[in-house]
4 protein chains.
Amino acid sequence: MFIHHHKVQFYETDLMGIVHHSNYLRFYEEARVGWAHSKGLLDYQSPGSASHFAVFETQVKHIKPTFFGDNLQIEVQGRTEGNRLIFQYRLRGRNDEICSVAKTVHVPLGPDLKLLRLPASMKTAMESEKWTETWL
Amino acid sequence: MFIHHHKVQFYETDLMGIVHHSNYLRFYEEARVGWAHSKGLLDYQSPGSASHFAVFETQVKHIKPTFFGDNLQIEVQGRTEGNRLIFQYRLRGRNDEICSVAKTVHVPLGPDLKLLRLPASMKTAMESEKWTETWL
Amino acid sequence: MFIHHHKVQFYETDLMGIVHHSNYLRFYEEARVGWAHSKGLLDYQSPGSASHFAVFETQVKHIKPTFFGDNLQIEVQGRTEGNRLIFQYRLRGRNDEICSVAKTVHVPLGPDLKLLRLPASMKTAMESEKWTETWL
Amino acid sequence: MFIHHHKVQFYETDLMGIVHHSNYLRFYEEARVGWAHSKGLLDYQSPGSASHFAVFETQVKHIKPTFFGDNLQIEVQGRTEGNRLIFQYRLRGRNDEICSVAKTVHVPLGPDLKLLRLPASMKTAMESEKWTETWL
């Protein structure tokens with residue numbers, strides 16, 4: 001399974017002394033982009049390719065806070081549902097404890113923000129993915 | 001009904017030319033904080049008071065993109081559910097069109113990140129709130 | 001003189017309980033953009049126009065910290081120097097005390113990131129600006 | 001010499017298609033924190049220790065833009081000047097070209113935001129550092 005690593009930075013904390021919740025969507029994006037790159041589905045040099053991941057819906061659950069300097073591990077799984085891409089994430093912090101789980105739904109958009117059909121390459125890549133269970 | 005205004009800044013856009021999705025959680029936080037302040041439930045000078053809004057769950061749906069310079073209007077509604085605070089949001093962009101709806105769930109935490117009981121003042125304030133329908 | 005107002009948001013703080021220093025560049029950008037818009041030099045709908053403000057150099061001095069909920073007031077002054085735009089800023093927080101001063105230098109770039117000549121409209125607009133003294 | 005690596009994320013870009021300038025201060029903070037940790041001067045678990053790096057002044061020069069997916073390399077050098085810490089940075093992007101140089105000045109502050117004396121351990125660590133030349 002694809003696991004993304006993120007070290008929590010000082011600028012990601014807030015005055016409660018923990019990571020601000022909006023940053024989790026950024027961590028999950030990092031993980032999704034890393035996943036797509038690892039599958040050969042994303043070309044960093046071609047801005048259009050990133051657009052295939054336009055965000056339609058996000059859902060994040062916070063179980064435990066995370067802190068400055070924590071080494072986060074984020075598991076990613078993806079699948080298709082009609083023309084949509086569904087990703088789920090599980091984020092572990094200190095002592096490998098699950099701190100957050102999330103789900104994001106994406107639709108393929110072109111650079112002009114018009115809806116596209118899901119590319120066949122994406123469908124094929126997704127079919128070989130494991131979706132063991134639903135985390136959220 | 002409480003409406004929060006936010007003008008989209010250049011630094012809130014991404015290379016797709018639209019507002020990055022993680023910023024919506026920031027706009028919704030602004031709206032929630034503004035709402036709480038308007039009800040006398042939040043004292044900016046007392047960091048502890050902000051902790052009553054620790055984020056437990058977020059859910060955001062994106063209907064239309066928003067752009068640099070847009071004048072966003074965000075409606076907020078709140079209610080309690082046992083020991084939890086539930087907020088819902090409706091965000092309008094150009095031509096007053098609804099661009100995003102969201103829901104966040106909060107639990108009262110102290111500065112030491114321990115679970116607290118929902119203050120009576122909060123419960124009372126929430127009771128007089130209107131929750132006309134569910135947006136998300 | 002043009003003054004931009006910014007209310008410090010929760011997500012702009014860090015674990016020291018103060019506004020994270022990287023956000024000042026965002027506040028100064030807000031002020032610069034607001035200034036340009038007020039002079040009719042910036043059209044939000046036209047992404048290219050924003051490119052005239054590509055950042056070449058920034059310098060920020062922090063005198064006092066600012067806090068969640070503070071109502072910041074940012075003064076802006078601009079002038080040209082050859083093909084460059086120079087802006088200076090003075091940021092006031094609680095009790096109208098100066099908390100930060102800054103200077104940014106900009107070069108006109110097209111959407112293709114190529115250097116442009118400073119538009120005559122910009123030069124003219126800048127000539128009528130006051131640059132009373134150097135703050136930084 | 002200490003070199004920090006940062007992969008540019010999608011959420012760090014703006015509508016010009018490049019990394020937003022405010023993020024460079026975040027990259028430089030990452031590099032500084034990584035440097036301090038590598039010297040044993042920073043304990044992530046102890047929030048107070050991070051306060052030794054309160055930012056007094058920043059100066060950033062942008063030579064070339066950086067892009068989504070770029071693998072940035074950031075060199076860091078530090079020295080003391082009386083009670084102050086001075087850091088300089090050199091950031092390389094594509095083809096190892098220098099894209100930005102910067103300097104930051106820090107003063108030791110306690111958690112109560114009061115000025116402290118520079119710890120002897122910091123002075124000693126700095127003495128053994130190389131400051132080959134001034135980059136900015």
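Q: How many residues does the contact take from chain C and from chain A?
A: Two residues are in contact if their C-beta atoms, placed from the backbone, lie within 7 Å. Here the contact takes nine residues from chain C and nine residues from chain A. On the side of chain C that touches chain A, four residues are nonpolar, four polar and one charged; Ala, Val, Leu, Ile, Met, Phe, Trp, Tyr, Cys and Pro count as nonpolar, Asp, Glu, Lys and Arg as charged, and the others, Gly among them, as polar. This is a predicted model, in which local features need pLDDT of at least 70, side-chain atom pairs count only at pLDDT 80 or more, and totals for chains, interfaces and linings use all residues. Residues are numbered from 1 along each chain as its sequence is written, while chains are lettered from A and ligands numbered from 1 in the order in which they are written.

Q: What ipTM and pTM does the predictor give the complex, and where in chain A is confidence lowest?
A: The complex receives an ipTM of 0.94 and a pTM of 0.96 from the predictor. Per residue, pLDDT expresses the predictor's confidence from 0 to 100. Chain A has a mean pLDDT of 91, with 96% of its residues at 70 or more. Within chain A, confidence is lowest in helix 2 (residues 47–50), at a mean of 58, and highest in strand 1 (residues 3–7), at 98. Helices (H or I, at least four residues) and strands (E, at least two) are DSSP runs, numbered from the N terminus.

Q: Which elements give two or more residues to the side of chain B that touches chain A?
A: This contact takes 18 residues from chain B and 18 residues from chain A. Helix 1 (22–38) and strand 2 (54–62) of chain B each give two or more residues to the side that touches chain A. Strand 2 of chain B gives the most, with eight residues. The side of chain B that touches chain A holds nine nonpolar, six polar and three charged residues.

Q: How many bridges join strand 2 of chain A to strand 2 of chain B?
A: Two strands pair if DSSP finds at least two bridges between them. Five bridges join strand 2 (residues 54–62) of chain A to strand 2 of chain B, and the two strands run antiparallel. A:Gln59 has B:Gln59 as its bridge partner.

Q: By what turn and shift can chain B be laid on chain A?
A: Two copies of a chain are related by a rotation about an axis and a shift along it. A turn of 180 degrees and a shift of 0.0 Å along the axis lay chain B on chain A with an RMSD of 0.0 Å, which is the relation of a two-fold axis. The superposition is by least squares on the C-alpha atoms of residues with pLDDT of at least 70 in both copies. In chain B, the C-alpha nearest the axis belongs to B:Gln59, 2.2 Å from it. The same surface serves both copies, as 100% of the contact residues of chain B recur in chain A.

Q: Which side chains along strand 1 of chain C point to one face and are buried?
A: In a regular strand the side chains alternate between the two faces of the sheet. Along strand 1 (residues 3–7) of chain C, C:His4 and C:His6 point to one face and are buried, whereas C:Ile3, C:His5 and C:Lys7 point to the other and are not. A residue is buried if 20 or more other C-beta atoms lie within 10 Å of its own, exposed if 12 or fewer, and partly exposed in between. Five bridges join this strand to strand 3 (residues 71–81) of chain C, and the pair runs antiparallel. C:Ile74 is the bridge partner of C:His4.

Q: Is C:Ser22 buried or exposed?
A: C:Ser22, in helix 1 (residues 22–38) of chain C, is buried because 23 other C-beta atoms lie within 10 Å. Leaving aside neighbours within four places in sequence, C:Ser22 is in contact with A:Tyr11, D:Ser22, D:Leu25 and D:Arg26.
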